[in-house]
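Got your viewer open and your mouse ready? Load the model below, and we'll walk through it stop by stop.

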Amino acid sequence: MKKENVIRSPLFYTGDKYKLIPELKKHFPTDINKFVEPFVGGGSVFLNIQAKQFYENDIDKNIMSIHNYLSSFSSSDDLLKILFAKIEEYQFTCSYNGKTVPQELKDKYVKTYFAKYNAEFYKRLKEKYNASDRSDIADLYLLLIYGFNRMLRFNQKGDFNLPVGNVDFNQNAVDALTNYVNLTNQKKIHWSNKDYKSFLSKIKLTENDFVYLDPPYLITASEYNKLWDQQDDDDLCALLDELNKKNIRFALSNVVNYKGKENTKLLEWVQKYNVYPIKSNYINYHDNSIKSFSEVLITNYAK
């Protein structure tokens with residue numbers, strides 16, 4: 001069987017479903033009018049879906065700023081020209097353009113030479129961005145690309161506060177950006193930056209549409225999940241029950257077991273729907289080891 005070509009988001013987002021796309025798509029409907037994502041994150045899912053229209057939302061304004069910025073380009077060459085000029089200005093490594101780390105640094109820091117080389121340049125960009133009006137989204141994107149675990153993290157004052165990562169601007173980054181610009185030009189996308197309930201309330205859904213949800217997971221430990229509590233989980237389940245009553249197709253990604261914790265209420269709720277185990281691994285900022293856990297896909301339709 002020919003391996004499916006999966007497109008990866010250029011946000012390289014923590015919790016991205018990139019590696020799970022073939023498995024998820026096995027359970028997704030193929031006849032979709034509106035594809036609706038209340039929690040779009042990095043966007044790897046919608047990039048790999050065929051639909052007539054796309055409604056993409058996230059409550060994170062910084063994530064949506066990057067989506068809006070990258071998708072505003074009609075040519076990836078124009079976007080890359082801007083990014084390469086900034087990379088050169090800040091003196092970052094860029095193996096795609098042939099600028100890499102000196103061999104003596106590679107020998108001295110065998111596993112962390114990108115981080116050692118880029119640290120001062122990254123600090124300079126971070127300080128410049130935090131002192132600015134935050135309107136230069138290309139700067140924010142480069143902070144993500146060269147940052148630890150390619151995350152977006154801000155302190156209580158609203159300052160970007162992630163340390164440098166052991167990463168580089170390479171062929172994978174260029175391919176991801178090129179694919180993203182090409183696909184977002186082809187797809188009819190409606191972008192939104194709202195609470196998921198408000199977002200869904202504004203869309204007239206029919207039985208031909210499909211809602212895919214990848215919310216924060218109640219029992220896992222990432223930064224993204226800290227603002228999500230049991231009431232949020234309960235509200236989401238109630239909302240999905242309402243969609244089901246209207247015969248709106250949905251699929252929900254979630255985690256039912258994680259490091260000895262169990263989402264007991266979710267396990268009770270899913271008994272009325274279809275549940276498919278999804279092979280997955282999870283990485284978070286505080287614990288950079290891979291942890292196996294029980295991820296599932298819950299659907300209200302049979303395929």
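Here is a short tour of this predicted model, with something to select at each stop.

**Stop 1: colour by confidence.** Start with pLDDT, the predictor's confidence in each residue. The protein chain averages 91, and 92% of its residues reach 70 or more. Now select residues 281–293, where pLDDT stays under 50. The model has 41 contacts beyond four places in sequence for that stretch, but take them with the low confidence in mind.

**Stop 2: the largest nonpolar core.** Select Phe28, Phe35, Ile66, Leu70, Tyr146, Phe169 and Tyr212. Out of the 65 residues in the largest nonpolar core, these touch the most other members. Which helix gives the most to this core? Show helix 7 (137–146): with 9 residues, helix 7 is the top contributor. Other elements that give two or more residues include helix 3 (61–71), helix 8 (171–186) and strand 4 (210–213). In soluble globular proteins, nonpolar side chains tend to be buried together.

Zoom in on Phe28. Leaving aside neighbours within four places in sequence, its contacts include Val45, Ile49, Phe210, Tyr212 and Leu297.

There is also a second, separate core of 26 residues; to find it, select Leu236, Leu240, Leu243 and Leu252, which are among its members.

**Stop 3: two helices packing.** Show helix 4 (residues 76–90) and helix 6 (residues 113–131), whose axes are 9 Å apart and meet at an angle of about 115 degrees. Angles of 65 to 115 degrees count as roughly perpendicular, so that is the label for this pair. Turn on side chains for Lys86, Glu89 and Tyr90 of helix 4, then for Phe121, Arg124, Leu125 and Lys128 of helix 6: these make the contact. By type, they split into 3 nonpolar, no polar and 4 charged residues.

**Stop 4: a loop threonine.** Pick Thr100, in the loop between helix 4 and helix 5 (103–108). Thr100 counts as partly exposed because its relative accessibility is 36%. Not counting residues up to four places away in sequence, Thr100 touches Thr93, Lys106 and Phe114. Try a distance label from Thr100 to Phe114: they are 14 residues apart along the chain, with their C-alpha atoms separated by 8.4 Å.

**Stop 5: two arginines with positive phi.** Arg134 sits in the loop between helix 6 and helix 7, with phi near 65 degrees. Arg150, in the loop between helix 7 and helix 8, has a phi of about 45 degrees. Buried or partly exposed: what is each one? Arg134 is partly exposed, at 25% relative accessible area, whereas Arg150 is buried, at 13%.

Notes: Residues are numbered from 1 along each chain as its sequence is written. This is a predicted model: local features need pLDDT of at least 70, side-chain atom pairs count only at pLDDT 80 or more; totals for chains, interfaces and linings use all residues. Side-chain values use heavy atoms; hydrogens and water are left out. Axes are lines fitted to C-alpha atoms, for helices over the stretch in contact, and angles run from 0 to 180 degrees between N-to-C directions. Helices (H or I, at least four residues) and strands (E, at least two) are DSSP runs, numbered from the N terminus. Angles under 35 degrees count as roughly parallel, over 145 as roughly antiparallel, 65 to 115 as roughly perpendicular and the rest as oblique. Contact means heavy atoms within 4.5 Å. Ala, Val, Leu, Ile, Met, Phe, Trp, Tyr, Cys and Pro count as nonpolar, Asp, Glu, Lys and Arg as charged, and the others, Gly among them, as polar. pLDDT is the predictor's confidence in each residue, from 0 to 100. A nonpolar core is a set of buried Ala, Val, Leu, Ile, Met, Phe, Trp, Tyr and Cys residues joined through side-chain atoms within 4.5 Å. Buried means under 20% relative accessible area, exposed over 50%, partly exposed in between (1.4 Å probe, protein chains only).
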